[in-house]
Amino acid sequence: MFVQTVYESQITGSFGPLALLALQKTAVIRNRERGITSFLYHDKGRLFHVVEGKPDTLEDTMARIGNSSLHKDIKVRAMLRCEKRSFPRWYFGATNADDPHFKRVYGALKKAQFFNLDVVEAVQILQMVASRKRRAVKMDQFSIKVRNFNRNKEPRGLLAVK
Ligand SMILES: Cc1cc2nc3c(=O)[nH]c(=O)nc-3n(C[C@H](O)[C@H](O)[C@H](O)COP(=O)(O)O)c2cc1C
């Protein structure tokens with residue numbers, strides 16, 4: 001038996017790609033160790049996060065999340081017992097309103113504002129996004145590949161203005 005907690009919150013500072021990456025980096029390692037899986041949606045500083053795992057470890061993780069100064073106004077929207085996880089392959093998956101995978105799923109459904117959906121529907125939509133993302137990303141390789149940059153070319157950002 002698993003427990004799934006769904007909460008909403010508001011980011012306190014800025015939540016750009018770098019902040020998300022830093023959060024993902026630590027959360028993935030910790031969640032992996034503890035058998036926690038999770039999926040996060042964010043839009044304009046507002047978060048919707050599904051966190052799931054065994055009851056005792058989940059309680060621990062939720063306490064850490066609740067104590068983080070990175071967000072505030074945390075509201076638990078649901079706590080469910082479930083036989084199966086909704087995001088079994090994601091230690092810390094994330095999407096947002098501008099993510100093409102999210103846009104495609106959401107655009108096709110013609111739904112109201114994401115945060116106004118009922119929790120079950122919102123989680124189902126994130127599951128659809130997650131499965132699309134999974135086709136594009138290899139989840140067991142949570143690393144950034146070093147690209148083969150062409151060393152003969154001058155980096156674009158360093159070109160002198162003539
Ligand atoms: C939106 C959000 C999601 C988080 N998700 C997880 C998580 O899935 N697993 C985990 O162990 N910690 C999670 N954390 C906690 C962070 O990894 C970290 O422990 C915390 O942000 C540190 O708090 P501080 O920045 O106030 O020191 C989360 C924190 C935030 C703000």
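**Exercise 1. Work out the strand order of the open sheet and find its edges.**

Step 1. In this predicted model, local features need pLDDT of at least 70, side-chain atom pairs count only at pLDDT 80 or more, and totals for chains, interfaces and linings use all residues. Residues are numbered from 1 along each chain as its sequence is written.

Step 2. List the strands, which are DSSP runs (E, at least two residues; helices are H or I, at least four) numbered from the N terminus. Two strands pair if DSSP finds at least two bridges between them.

Step 3. Reading across the five strands gives β4-β1-β3-β2-β5, an open sheet with mixed pairing. At the edges sit β4 (71–82) and β5 (93–96), each pairing on one side only. From one strand to the next, the twist averages 15°.

**Exercise 2. Describe how β1 pairs with β4, and what packs on the sheet.**

Step 1. Strand β1 (residues 2–11) runs antiparallel to β4, and nine bridges join the two. For Q4, the bridge partner in β4 is L80.

Step 2. Now add α2, which packs on the sheet and touches β1, β3 and β4 (contact: C-beta atoms, placed from the backbone, within 7 Å). The directions of α2 and β3 make about 155°, using lines fitted to C-alpha atoms, for helices over the stretch in contact, with angles from 0 to 180 degrees between N-to-C directions.

**Exercise 3. Which elements supply the shell around the ligand?**

Step 1. At least two shell residues come from each of α1 (17–34), β3 (46–53) and α2 (55–67).

Step 2. Helix α1 gives the largest share, five residues.

Key
Two residues are in contact if their C-beta atoms, placed from the backbone, lie within 7 Å.
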